[in-house]
Amino acid sequence: MKASVIEQFGGSLILKDVPVPEPKPGEVLMRVRACAVDQFDLRIRDGKVPHAKVPLILGHEVAGEVAAVGAGVMDWKIGQRVTSTLYLTCGKCRKCQTGRETICENFIGYLGIQTPGGYAEYTVVPAVNLVALPETLSFTDASVIANAIGTPYHAFTKRMRLQAGERVIITGAGGGVGMHAIQLARMMGAFVMAVDIGQAKVDAARAQGADVAVDAAQTDFAEAAREWTNGEGVEAVLELVCGATIPTSLKALGKGGRIVIVGHHGGSPFTVEGSQMVANEWEILGSRNVSKRELAEVVALVSAGRVRPVVTGTYPLEEAETLLKRIDHREVIGRVVLEI
Ligand SMILES: [Zn+2]
């Protein structure tokens, strides 16, 4: 099969012929039809992600068809259209068994790091990770669901518990996750202030339906938020940036406010006064990706047209290296997908 392979960290991806992998017991061989590409792939390629080993095939956001099943896999048939959650988990611990597998006690790793990923014609995925796709959903659109839509879905529904009528700030709103977060928050009946840097990203956020879009390089978004809420402050913040933005997010947060941290750059330490936490009954929470059950819910929302995947470019596998370079040079807005 054709695959785009990292042979050396920091080096270019190389298109090669490699053997088709064999599914082990409990695994499924997927004929990859689409694989979304993101910033995380760049960090892996550059050797900045622990436990990654070369040679490696990138790609953790996949959609395709079941091509073969390993021993013991009863519930998937050849030809079925599927996507997959991103994480490799134990399936046995208390967290896994209660639908919180993204915080598995025995977390194994990621597709495309601990296993050869989807920058290839075939990849192997644990059967327990798979979610069925309806015929009406294209593989390209489906490939961005697990990460770019699933991540904010879990954050809003399970962690933030966002309510209709609430006002929410989304930092980093012009990125791939941010743009879908705007759509989801609007779908849930919330009002959205989108925050990003630069006109292109602010425009992208506005195009997804943000009620207000603020360029943080020009405007203090805490002041803008206070003005927007008649001095009250917002009910919630979805942090897709964290380090640079969280001091301002705290200033924008009203009484009873919740901050949910999804994206962060490095350690991103910040300080918050205990007295303010108490006086305002603030909640500061973390949120990690999406469970399989939630992914099935998001697939249903997307198929019903309630959320629209924003795919801004599609490329053949041969152009994977060019695409990573474009991401590295910040020439990509939204999500881009390899069609294989
Ligand atoms: Zn587990």
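# Exercises on a predicted model

Gly 79 sits in the loop that runs between strand S5 (61-69) and strand S6 (81-84). The model is a predicted one. Each exercise below is followed by a worked solution.

## Exercise 1: Gly 79

Task: Decide whether Gly 79 is buried, partly exposed or exposed, and find which residues it touches, not counting residues up to four places away in sequence.

Solution.
- Step 1. The relative accessible area of Gly 79 is 43%.
- Step 2. Buried means under 20% and exposed over 50%, with partly exposed in between; Gly 79 is therefore partly exposed.
- Step 3. Leaving out residues up to four places away in sequence, Gly 79 touches Glu 65 and Val 66.
- Step 4. For a distance across the fold, take Arg 31: Gly 79 and Arg 31 are 48 residues apart in sequence, and their C-alpha atoms are 9.0 Å apart in space.

## Exercise 2: The zinc site

Task: Name the protein donors of the zinc ion, give their spacing in sequence, and state the geometry of the site.

Solution.
- Step 1. The donors are the SG atoms of Cys 90, Cys 93, Cys 96 and Cys 104, at 2.3 to 2.4 Å from the zinc ion.
- Step 2. Along the sequence, these donor residues follow the pattern C-x2-C-x2-C-x7-C.
- Step 3. The angles among the four donor atoms are 103 to 117 degrees. Four donors count as tetrahedral if all angles lie between 85 and 135 degrees, so the site of the zinc ion is tetrahedral.
- Step 4. As a reference value, the ideal angle for four tetrahedral donors is 109.5 degrees.
- Step 5. On accessibility, Cys 93 and Cys 96 are both buried.

## Exercise 3: Two helices in contact

Task: Describe how helix H4 (residues 145-160) and helix H10 (residues 292-303) cross, and list the residues of the contact.

Solution.
- Step 1. The two axes come within 9 Å and cross at roughly 110 degrees.
- Step 2. Angles of 65 to 115 degrees count as roughly perpendicular, so H4 is roughly perpendicular to H10.
- Step 3. H4 contributes Ile 145, Ala 146, Ile 149, Gly 150, Tyr 153, His 154 and Lys 158 to the contact. H10 contributes Glu 294, Leu 295, Glu 297, Val 298, Val 299, Leu 301 and Val 302.
- Step 4. Sorted by class, the contact of H4 with H10 holds nine nonpolar, two polar and three charged residues.

## Exercise 4: Backbone exceptions

Task: Locate Pro 55, Cys 242 and Glu 281, and describe the backbone at each.

Solution.
- Step 1. Recall the usual case: most residues other than glycine have a negative phi, and most peptide bonds are trans.
- Step 2. Pro 55 is placed in the loop between helix H1 (39-45) and strand S4 (56-57). The peptide bond that joins Val 54 and Pro 55 is cis, with omega about -5 degrees.
- Step 3. Cys 242 is in the loop between strand S14 (234-239) and helix H8 (246-252). Its phi is positive, about 75 degrees, although Cys 242 is not a glycine.
- Step 4. Glu 281 is in the loop between helix H9 (274-280) and strand S16 (283-286). Glu 281, also not a glycine, has a positive phi of about 50 degrees.
- Step 5. Cys 242 counts as buried because its relative accessibility is 2%, whereas Glu 281 counts as exposed because its value is 63%.

## Exercise 5: Lys 201 and Val 18

Task: Place Lys 201 and Val 18 in the fold, and list what each touches, not counting residues up to four places away in sequence.

Solution.
- Step 1. Lys 201 belongs to helix H6 (residues 199-207). With a relative accessible area of 27%, Lys 201 is partly exposed.
- Step 2. Residues up to four places away in sequence left out, Lys 201 touches Gly 174, Gly 175, Asp 196 and Ile 333.
- Step 3. Val 18 is in the loop between strand S2 (13-17) and strand S3 (27-37). With the same residues left out, Val 18 touches Met 1, Ala 3 and Val 5.
- Step 4. Val 18 and Ser 268 are 250 residues apart along the chain, and their C-alpha atoms are separated by 40 Å.

Key. Residues numbered from 1 in each chain as written. Predicted model: local features only at pLDDT ≥ 70, side-chain atom pairs only at ≥ 80, totals over all residues. Heavy atoms only, no water. Donors = N, O, S within 2.8 Å, 3.2 Å for Na, K, Ca; no water. Tetrahedral: all angles 85-135°; square planar, octahedral: opposite > 155°, others 65-115°. Buried < 20%, exposed > 50% of the residue type's maximum accessible area, 1.4 Å probe, protein only. Helix = DSSP H or I, 4+ residues; strand = E, 2+ residues; numbered from the N terminus. Contact = heavy atoms within 4.5 Å. Axes fitted to C-alpha atoms, helices over the stretch in contact; angles between N-to-C directions. Parallel < 35°, antiparallel > 145°, perpendicular 65-115°, else oblique. Nonpolar A, V, L, I, M, F, W, Y, C, P; charged D, E, K, R; others polar.
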